Every structure is written in structure tokens, then in C-alpha cells.
Amino acid sequence: MRILLTGATGFIGSALLKRLLTDRLNVRVLALPGTETSLPRDHRVQVLAGALADLPILDRATRGVDVVFHLAGLLPGNAPARLAQVNVEGTQNVAHACARNGVRRLVFASSTSVYRDSSYLFATGIAEEAPLRTLGTTDIELYGLSKVAAERRIVELGPNGRPDYVIVRAPLVYGMADGPDKRLINAMRTRPLLAASRLMAIRTMQSVHIHDLVQGLVLAGTNPAAANQAFNMAGAELFSPRDAAQLQSFTADIFDDGPVTHPDLLRYDIRKARSELGYAPLVRFGQRKHAPVALNQRRRLR
């Protein structure tokens, strides 16, 4: 299988690249100029320097590729114009390059922030068919809107020459010592009264460990049943921010015995990914060690 990975220098992309190399696959990487030094030096990694707006580079990057994992994009906090330029137009550029060059599958890393606020405030069991966001003013809302627009650009590409697409919607990802979840924990540590409040104990969140999300991305890229669908890929339990604040780190490697979890009140419904792809989140919030993710009978695209 010939693979192109965008966003390989990011939090999720670097973990996926490591997994693909562990599987002894050759990976072509599209990286912004100047970021190449952070990539592993491995003869199986071919690096192309370029941006999502560089159409000739995208054509070169997608030529001869079977599967594209498109993880590159801007995070919440960027200006709406930049989000539109990178997350929306950049994704459209990738999708069009895939269609021009006969890529068989495009896996797009979206987000659960695409769901409309009324779909998940005080609600549980949000499935992939829930209403998507149409308005927003906060950083996370504007980010979610950019992901909604990017998903639509992929879906509306048209059937002629279009690759199969798989949209993966993930919540907050945790599990690395220098991951973005550290900011959440640091914020709670600097506001102990808020972390200790009753509201913080009641309000729950559903995240996903990086190892589980990587497992889901690999399934999205290799399982024929995933074609032209969207999947929630979250963890299998809920926990409160106060639970997280009581731990030394928001990473599975050094968790204590763990907090009380809420496995029967999932906010994001992951039954579709479980039943159709065999997605099975293994890392429980609070466990001291996680089991290695192994797909011993990985199904490849035909």
C-alpha cells in the first residue's frame, strides 16, 4: 500500500506516522518547508516540502498513492480567514489532487466540534447523523465551522474519479507528555477552586487516547466498509475535568488508579465505528499502562 500523510509533524500525525512505519509501510509525507527536521530519519519516509495551497506539489504528492491520510490543518484560535484558507480550501485542494491522480481513498481528520451546540449540550449519544454546526463566534465554534465546510468540499467533489472518502470525527486527544491536553490540565491546576467545584465534578467530557485514535485512522484507511462514510472515534467512557485534575498527568503512561468513569453515558455515539470497522478503544482513562494496539487481521482496500 502506498500512503501519503499530511500533518505528519503534528500531535496526531506524528503518532500515525510512527504506527505506519511500525507496520513496515513506506510513507510519503507532505510537510511545510522548515518542518522537515522534526520527521524521523527513515529510508521508508519520502518527504516533500510544500503547503496545501501548492497545487503542483499536491499533484506530485498524490501521484501513485493508494491512500491519503489528510491530517494537516489549523487548530482553534486562528482567524476565520486563515481557517478557511487552510482547513477548507486546503482540504479541497487535497481532494481534487486525489481525484486527478487516481487515489483510492482519502481519510480526513475532522472533529466532533462539527456538531451543533443544541445537539450535545446536556445530551448523550450523538451519532454521525446529528445536526452539524451552522453558526459560531468562539474559537472552537469557528474551528468546527471550518471542519463542516471541509467535509462538504470532500463529499460534494462528485462521483467521477473521486476517491472513496472516510471522515473521522474525534474529540480532544490525549496521551502524550507534550500533547495539547497539557494546557487543559495546567489551566485546572492554576484554578483549583474551579476544579474542585461541584460543577466541575458533574460536567463530563469524552476524549480519546492517541493510540486508540491511531487505531481508528488505520481502520478508516484499510477497511472497505468505511467507504464514503463519517465515523465518531472517541473513547469508551466519560470522566469529569475534576477527575483529570486530580491526576498527576493527563497521559495513560503515568496515571494512578483512575477516577470514577461513566461508561453508560457516552456523549459521542461510537457504535457505528465499532460495528462497521471493528474500532475498539482499549485505553481506559486512569489505567497505568495501555495495551498495544494491534490489528493482526487488517483488511486492505481492494
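**Close-up views of a predicted model**

**View 1. Strand β9 is enclosed on both of its faces.** In this predicted model, the two faces of β9 are covered, with Q229 and F231 buried on one side and A230 and N232 buried on the other. Strand β9 is joined to β6 by four bridges, and the two strands run parallel. Within this pairing, F231 of β9 stands opposite V168. The loop between α9 and β9 contains N228. Although N228 is not a glycine, its phi is positive, at about 60°. N228 has a relative accessible area of 31% and is therefore classed as partly exposed, since that class lies between the 20% limit for buried and the 50% limit for exposed residues.

**View 2. The open sheet contains seven strands.** The strands follow the order β3-β2-β1-β4-β5-β6-β9, and their pairing is parallel. The edges are taken by β3 (45-49) and β9 (229-232); each has a single partner strand, so one side of each is left without a neighbour in the sheet. From one strand to the next, the twist averages 20°. For the protein chain as a whole, the secondary structure amounts to eleven helices and nine strands. Of the 302 residues in the protein chain, 52% are buried. Among contacts between residues at least 6 apart in sequence, 75% join residues at least 24 apart.

**View 3. Strands β1 and β2 are paired in parallel.** Strand β1 comprises residues 3-6 and strand β2 residues 27-31, and four bridges join them. One of the residues involved is T6, whose bridge partner in β2 is L30. The loop between α1 and β2 holds R24. The phi of R24 is near 60°, a positive value in a residue other than glycine. R24 counts as exposed because its relative accessibility, 71%, is over the 50% limit for that class.

**View 4. Residue A31 is buried in strand β2.** A31 is located in strand β2. The relative accessible area of A31 is 4%, which is under the 20% limit, so the residue is buried. When residues up to four places away in sequence are not counted, A31 touches L39, L48, A49 and G50. A31 and A51 are 20 residues apart in sequence, and their C-alpha atoms are 7.1 Å apart in space.

**View 5. Helix α2 lies across four strands.** Helix α2 (residues 55-62) lies across β1, β2, β3 and β4 (67-70), and runs at about 170° to β2. The buried residues in α2 are I57, L58, D59, A61 and T62. These buried residues pack against β1, β2, β3, β4 and α3 (80-100). Just after α2, G64 adopts a positive phi of about 75°.

**View 6. Helices α2 and α3 cross obliquely.** The axes of α2 and α3 come within 9 Å, with a crossing angle of roughly 50°. The two helices are therefore oblique to each other. The crossing in which α2 passes α3 is right-handed. On the α2 side, L55, L58, D59 and T62 meet N93, V94, A97, C98 and R100 of α3. By class, the residues of this contact comprise five nonpolar, two polar and two charged.

**View 7. Helices α1 and α9 form a right-handed crossing.** Helix α1 (residues 11-22) and helix α9 (residues 210-222) have axes that come within 10 Å and cross at roughly 65°. This angle makes α1 roughly perpendicular to α9. Helix α1 contributes F11, I12, A15, L16 and R19 to the contact, and α9 contributes I210, L213, V214, Q215, L217 and V218. The contact of α1 with α9 has nine nonpolar, one polar and one charged residues. In general, residues three or four places apart in an α-helix point the same way, because the helix has 3.6 residues a turn.

**View 8. Helix α5 lies across β5 and β6.** Helix α5 spans residues 139-155, and the strands it lies across are β5 (105-111) and β6 (164-170). Helix α5 runs at about 160° to β5.

Notes. Residues are numbered from 1 along each chain as its sequence is written. This is a predicted model: local features need pLDDT of at least 70, side-chain atom pairs count only at pLDDT 80 or more; totals for chains, interfaces and linings use all residues. Side-chain values use heavy atoms; hydrogens and water are left out. Two strands pair if DSSP finds at least two bridges between them. Axes are lines fitted to C-alpha atoms, for helices over the stretch in contact, and angles run from 0 to 180 degrees between N-to-C directions. Contact means heavy atoms within 4.5 Å. Angles under 35 degrees count as roughly parallel, over 145 as roughly antiparallel, 65 to 115 as roughly perpendicular and the rest as oblique. A crossing is left-handed if the near helix is turned anticlockwise from the far one by less than a right angle, and right-handed if clockwise. Ala, Val, Leu, Ile, Met, Phe, Trp, Tyr, Cys and Pro count as nonpolar, Asp, Glu, Lys and Arg as charged, and the others, Gly among them, as polar. Buried means under 20% relative accessible area, exposed over 50%, partly exposed in between (1.4 Å probe, protein chains only).
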